[in-house]
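Here is a set of short exercises to work through with the structure open beside you. Try each task before you read its solution.

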Amino acid sequence: MFGCEIRRRRENKGLTQNDLALSLGYQSSSIIAMWESGERKPPSTKLPALARALDCTIDELFADETNAASES
């Protein structure tokens, strides 16, 4: 779910995976692809920059996961 939220927000901003990767200091878009697929999660040190790049808060990135956990 977290990865879907990153993808949705990235696409809504008209950014490619490469655009987002470069804005976060990565040389390759493969890390963004892994985040979006759920294979990996971004390091906590990158969350503030990720939220800024996607024009949201860190909490908003995790909104679906938080809601799912509270429903369990």
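## Exercise 1: The overall layout

Task: Work out which elements the chain has, and in what order.

Solution. Read from the N terminus, the elements of the protein chain run α-α-α-α-α-α. That makes six helices and zero strands. Keep in mind as you go that this is a predicted model. Next, turn to burial: of the 72 residues in the protein chain, 29% are buried. Finally, look at the contacts between residues at least 6 apart in sequence: 53% of these join residues at least 24 apart.

## Exercise 2: Aromatic pairs

Task: Find how many aromatic pairs the whole structure holds, and classify each one by its geometry.

Solution. A search of the whole structure gives two aromatic pairs.

Step 1. Take Phe 2 and Phe 62, whose ring centres lie 4.4 Å apart with 20° between the planes. Planes under 30 degrees apart count as stacked, and so this pair is a stacked one.

Step 2. Place the two partners in the chain. Phe 2 belongs to helix H1 (residues 2-12), while Phe 62 is in the loop between helix H5 (58-61) and helix H6 (63-71). They are 60 residues apart, so the pair links distant parts of the chain. Phe 2 is buried at 2% relative accessible area, whereas Phe 62 is partly exposed at 22%.

Step 3. Now take Tyr 26 and Trp 35. Their planes stand at 85° and their ring centres are 5.8 Å apart, so this pair is edge-to-face.

Step 4. Check what else meets the ring of Tyr 26. The charged end of Lys 46 sits over that ring, 4.9 Å from its centre.

## Exercise 3: Trp 35 and the nonpolar core

Task: Is Trp 35 buried or exposed, and which residues does Trp 35 touch?

Solution. Trp 35 has a relative accessible area of 1%, so Trp 35 is buried. Leaving aside residues up to four places away in sequence, Trp 35 touches Gly 3, Ile 6, Leu 24, Tyr 26, Arg 40, Lys 41, Pro 42, Pro 43 and Leu 50.

One of these partners, Lys 41, lies in the loop between helix H3 (30-37) and helix H4 (47-53). Lys 41 is partly exposed, with 47% relative accessible area.

Then widen the view to the largest nonpolar core, which has 15 residues. Trp 35 is among those with the most contacts inside this core, together with Ile 6, Leu 20, Ile 32, Leu 50, Leu 54 and Leu 61. H1, helix H2 (17-23), H3 and H4 each give two or more residues to the core. The most come from H4, with four residues.

## Exercise 4: Buried faces of two helices

Task: Decide where the buried residues of H1 and H3 lie around each helix axis.

Solution. Start with a reminder: an α-helix has 3.6 residues a turn, so residues three or four places apart point the same way.

Step 1. In H1 the buried residues are Phe 2, Gly 3, Glu 5, Ile 6, Arg 9 and Arg 10. Their arc around the axis is only 160°, which puts them on the same side of H1.

Step 2. In H3 the buried residues are Ile 31, Ile 32, Trp 35 and Glu 36. Seen down the axis of H3, they fall within an arc of 135°, so they line one face of the helix. What covers them includes H1, H2 and H4.

Step 3. Look closer at a charged member of the H1 set. Arg 10 is buried, with a relative accessible area of 7%. Beyond its neighbours up to four places away in sequence, Arg 10 touches Leu 15, Thr 16, Gln 17, Leu 20, Ile 32, Glu 36 and Leu 54.

## Exercise 5: Positive phi and cysteines

Task: Find which residue other than glycine has a positive phi near 55°, and how many disulfides the structure holds.

Solution. Two glycines come up beside helices: Gly 14 follows H1 with a positive phi near 75°, and Gly 38, just after H3, has a positive phi of about 85°. The residue other than glycine is Asp 55, with phi near 55°. Asp 55 is in the loop between H4 and H5 and is exposed, at 56% relative accessible area.

For the cysteines, the search of the whole structure finds zero disulfides. Cys 4 is partly exposed at 48% relative accessibility, while Cys 56 is buried at 13%.

Conventions. Residues are numbered from 1 along each chain as its sequence is written. This is a predicted model: local features need pLDDT of at least 70, side-chain atom pairs count only at pLDDT 80 or more; totals for chains, interfaces and linings use all residues. Side-chain values use heavy atoms; hydrogens and water are left out. Rings of Phe, Tyr and Trp (its six-membered ring) pair if their centres lie within 6.5 Å; planes under 30 degrees apart count as stacked, over 60 as edge-to-face and the rest as tilted. Buried means under 20% relative accessible area, exposed over 50%, partly exposed in between (1.4 Å probe, protein chains only). A charge sits over a ring if NZ of Lys or CZ of Arg is within 6 Å of the ring centre and within 35 degrees of the ring normal. A nonpolar core is a set of buried Ala, Val, Leu, Ile, Met, Phe, Trp, Tyr and Cys residues joined through side-chain atoms within 4.5 Å. Contact means heavy atoms within 4.5 Å. The arc is that of the directions from the helix axis to the C-beta atoms. A disulfide is a pair of cysteine sulfur atoms within 2.5 Å.
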